[in-house]
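This report walks through one protein model. It begins with a pair of helices and then moves outward to the whole chain and to single residues.

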Amino acid sequence: MCVDEAHAEKVSDALMNLGAISVSFQDDGDQPLFEPPPGTTPIWNETRVIGLFDENADLQAIRTRLEARRKIAKAIRACFEERLEDQVWERAWMDHFKPMRFGQTLWVCPTGHELDVADATIMQLDPGLAFGTGTHPTTALCLEWLDQNSDALAGATVIDYGCGSGILGIAALLLGAQHVYAIDIDPQALTATMENARKNGVEHQITTLMPSGTASLDIRASLVIANILARPLIELAENITDLLAEEGALVLSGLLAEQAEEVSAAYKSRIQFDLPAQREDWSRLSGRRII
């Protein structure tokens, strides 16, 4: 159902009350939402509200009941029905996730895919609860940096700040790092990180913790990598820099190209940055802590 932003939640509630198994929102007007405020559900100006119903549901009766609610009926600009064949949806999603290369040697492969590439570093990773499979430009930029700087990772202590799925920390370990501290505010991200670490045989080299746990960390990392969002990167500049050893490397991403200058300004007193790297509308900052 196609509606405007003001009516999306009401239509969603109506579908749930009529027995929908789930309801999701999609962009119906090609409007990007780059950085919604924390704790908010992004809704587009033109939103497609999709209700999933059991195959035995009476869709005509559902339409009739929606049309009987005058305000809801007026809000719906268009309505479509599609019957879906039953299948193993988790596997159907992963069938679209193919091996991806980052840099020269680093590959991310879903479970079950064979990759016969000489001298490749292969990470096994499936789509799951937490963000981060390498498909987003910011994740790709960070993975490429790790591959390009793999020589400097040998024996390194790394902090992955905002670890999500753990993809960056695990990549660092596979490329030679000694230990990774994976930090995230979301308990599901920490769970996903450990599951993915076990899948790649590096679970004993990774420690997961909430940001509040960093106060007890008696370490200074050779590398801190933070792929989050511009506003948190700015607000956490002092905390993140304090985790970094002198002359240690800092990699920041999750920011739009036009936000790179503002983010780098928050760190400039303690970090000497290289030129930003860019992919599509997104940027990566990298540099070293000033002695």
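Helix 5 and helix 7 run roughly parallel to each other, because angles under 35 degrees count as such. This is a predicted model. The two axes cross at roughly 15° and come within 10 Å. Helix 5 spans residues 137-148, and helix 7 spans residues 167-174. Their crossing is right-handed. The residues of this contact divide into seven nonpolar, one polar and no charged.

Which residues meet there? From helix 5 come T139, C142, L143 and L146. From helix 7 come I167, L168, A171 and A172.

**Surroundings of the pair**

Helix 7 is largely enclosed by the rest of the structure, because seven of its eight residues are buried. The buried residues are I167, L168, G169, I170, A171, A172 and L173. I167, L168, A171 and A172 are thus listed both as buried and as residues that meet helix 5. G176 follows helix 7. The phi of G176 is positive, near 125°.

Helix 5 also holds A140. A140 has a relative accessible area of 1% and is buried. Along the chain, A140 and R279 are 139 residues apart. Their C-alpha atoms are separated by 8.7 Å.

**The chain as a whole**

The protein chain has 291 residues, and 44% of them count as buried. It contains 11 helices and 14 strands. Among contacts with a separation of 6 or more, 63% join residues 24 or more positions apart. The accessible surface comes to about 16000 Å². Carbon and sulfur atoms account for 48% of that surface.

**Buried or exposed?**

Four residues can be set side by side.

| Residue | Place | Relative accessibility | State |
|---|---|---|---|
| T47 | strand 3 (residues 46-52) | 0% | buried |
| A140 | helix 5 | 1% | buried |
| G201 | loop between helix 8 (187-199) and strand 9 (206-209) | 53% | exposed |
| D119 | loop between strand 5 (106-109) and strand 6 (121-124) | 73% | exposed |

What does T47 touch, leaving aside its neighbours within four places in sequence? The contacts of T47 are M1, C2, V3, A8, F25, Q26 and D28. T47 counts as buried because its relative accessibility of 0% falls under 20%.

G201 stands on the other side of the cut-offs. Its 53% is over 50%, so G201 counts as exposed. G201 and Q124 are 77 residues apart along the chain, and their C-alpha atoms are separated by 10.0 Å.

**Positive phi values**

Most residues other than glycine have a negative phi. Which residues other than glycine have a positive value here? D119 is one of them, with phi near 60°. E247 is another, with phi near 65°.

Their settings can be stated in turn. D119 sits in the loop between strand 5 and strand 6. At 73% relative accessibility, D119 counts as exposed. E247 lies in strand 11, which covers residues 244-256.

**Back to the pair**

To sum up the opening topic, helix 5 and helix 7 cross at roughly 15°, with a right-handed crossing. No charged residues take part in their contact. Helix 7 has seven of its eight residues buried. A140 in helix 5 is buried too.

Conventions:
Residues are numbered from 1 along each chain as its sequence is written. This is a predicted model: local features need pLDDT of at least 70, side-chain atom pairs count only at pLDDT 80 or more; totals for chains, interfaces and linings use all residues. Side-chain values use heavy atoms; hydrogens and water are left out. Helices (H or I, at least four residues) and strands (E, at least two) are DSSP runs, numbered from the N terminus. Buried means under 20% relative accessible area, exposed over 50%, partly exposed in between (1.4 Å probe, protein chains only). Contact means heavy atoms within 4.5 Å. Accessible areas come from the Shrake-Rupley method with a 1.4 Å probe; for residues, only the protein chains shown count as cover. Axes are lines fitted to C-alpha atoms, for helices over the stretch in contact, and angles run from 0 to 180 degrees between N-to-C directions. Angles under 35 degrees count as roughly parallel, over 145 as roughly antiparallel, 65 to 115 as roughly perpendicular and the rest as oblique. A crossing is left-handed if the near helix is turned anticlockwise from the far one by less than a right angle, and right-handed if clockwise. Ala, Val, Leu, Ile, Met, Phe, Trp, Tyr, Cys and Pro count as nonpolar, Asp, Glu, Lys and Arg as charged, and the others, Gly among them, as polar.
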